Each structure stands twice: as C-alpha cells, then as structure tokens.
Amino acid sequence: MKAQSKLAGLAAFAIAATLATGAAAQQTQYLFTGTFLVTAANKACKNMVGDTRAMSYGTVLWGMKTPDKVAKPGFVLVNPNGTIVIVPTTKTFKTAGEYELTQLDRWNGVATWTSTYSEMKISPSKIDGSTTQVTITGKLTKLNFDDNCTVTFRAVGLRNP
C-alpha cells in the first residue's frame, strides 16, 4: 500500500512537472552562435577595439530568469579571459534601454552590474523557425566594468539546429 501511495505521489509530481514544462515551452528558444566584435570605443576603453568574443544569442535564455521571473533574450560572450552574460532589464531588447551584465573571470570572480545600451538593432527584427542568421549591432556602456567605457559592436550568429 505504501509503495502504491509513493508511486501515485511520483506520478502526480511527473504530471505537474510535464504541465509546467509545457507552459514554459510556449516561449520558443532560437539560439545563434558566432562572433561578437568591438568595432569602436571611446577613450576610456579604446584598447578594446578589435576585441572578438565567441557569442551565443538566444531569443530566450532559460537560465537567466531575473527577479521579475521572466525568461529573456540575451548574449553569452566568451573569450580566454572570462564569460559575460547580457540580458535586458525589460522583457526584451529595444533600441535603447538598460541591461544587466554578469561577468565571470579569473580576476574578479563573479560580478553583476546594470548599465545602458543604445542604437541596438537586431536583424531580422522578427526571429522565427525559418531564421538562419542574426546580425546585432549597438552600443554598450560599462561593458568593461568601467563607467566611462562605451563600445560599439557588431555580432553575427548562425542558427544552431
């Protein structure tokens, strides 16, 4: 009898988990991998011009549910010095707004801060199942953990199957 009740409890849990997963699956994730390139920078971080990082852009980054509990689009940037995750503070990227950046590197460990972006353009503007490539351009302030640093970037990613 106890085994049956444990089994029933496990079955109920499995059904609940399946329903929760089904609800989450309504947000489709499209993932693109490629390169992020710093094309220009102001004086504070001029040495970053030409900096390239491996880039993944996801229309939804499931693990990046922020305090408002919304899965958001975002970038994951990786180079030999560390990893950066950038997500908008709103539900999606707009032409300009705020972003939250989490950085993991060998010097600072894990650090998180909020700053601004501008001139953001994601092309195509509507990403769906037929989209094979995405191009993203814009400006990020405080990318290098420096309030005075603003970089202009271009990123291109190809769709992961």
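**Warm-up.** Which residue in β3 is the bridge partner of Tyr 57?

Solution. Look across from Tyr 57 and you land on Phe 75 in β3. Strands here are DSSP runs (E, at least two residues), numbered from the N terminus. β2 and β3 pair in the antiparallel sense, over 6 bridges; strands pair if DSSP finds at least two bridges between them.

Before going on, a word on the model. It's a predicted one, in which local features need pLDDT of at least 70 and side-chain atom pairs count only at pLDDT 80 or more, while totals for chains, interfaces and linings use all residues. Residues are numbered from 1 along each chain as its sequence is written, and side-chain values use heavy atoms, with hydrogens and water left out.

**Exercise 1.** Find out how far to trust the model, and where to be careful.

Solution. Start with the average pLDDT (the predictor's confidence in each residue, from 0 to 100): the protein comes out at 81, and 78% of the residues score at least 70. Then check residues 1-25, where pLDDT stays under 50. For that stretch the model has 1 contact beyond four places in sequence, a contact being heavy atoms within 4.5 Å.

**Exercise 2.** Trace the strands around the fold.

Solution. Follow the order β1-β2-β3-β4-β5-β6-β7-β8: these 8 strands close into a barrel with antiparallel pairing. From one strand to the next, the twist averages 30° (axes are lines fitted to C-alpha atoms, and angles run from 0 to 180 degrees between N-to-C directions). Now look at β1: 7 bridges tie it to β2, and 9 bridges tie it to β8. As landmarks, Phe 36 has Arg 53 as its bridge partner in β2, and Ala 41 stands opposite Val 151 in β8.

**Exercise 3.** Pick out the hubs of the largest nonpolar core.

Solution. A nonpolar core is a set of buried Ala, Val, Leu, Ile, Met, Phe, Trp, Tyr and Cys residues joined through side-chain atoms within 4.5 Å. This one has 29 residues, and those touching the most other members are Phe 36, Tyr 57, Phe 75, Ile 86, Leu 140, Leu 143 and Val 151. Each of β1, β2, β3, β4, β5, β6, β7 and β8 supplies at least two residues of the core. Zoom in on Val 151: among its contacts more than four places away in sequence are Val 38, Ala 41, Met 48 and Leu 140.

**Exercise 4.** Buried or exposed: sort Arg 53, Gln 103 and Asp 128.

Solution. Use the cut-offs: buried is under 20% relative accessible area, exposed is over 50%, and partly exposed is in between (1.4 Å probe, protein chains only).

- Arg 53, in β2 (52-61), is buried because its relative accessible area is 10%. Its side chain makes a polar contact of 3.1 Å with that of Asp 51. (A polar contact is a pair of N or O atoms within 3.5 Å; within protein, one must be able to donate a hydrogen and the other to accept it, and residues adjacent in sequence count only if both atoms are side-chain atoms.)
- Gln 103, in β5, sits at 13%, so it counts as buried. Its side chain makes a polar contact of 2.4 Å with that of Asp 105.
- Asp 128, in the loop between β6 (109-123) and β7 (133-141), is partly exposed because its value is 28%. The side chain of Ser 130 is its polar partner at 2.7 Å. Beyond four places in sequence, Asp 128 is in contact with Tyr 30 and Arg 159.

How values were computed: Helices (H or I, at least four residues) and strands (E, at least two) are DSSP runs, numbered from the N terminus.
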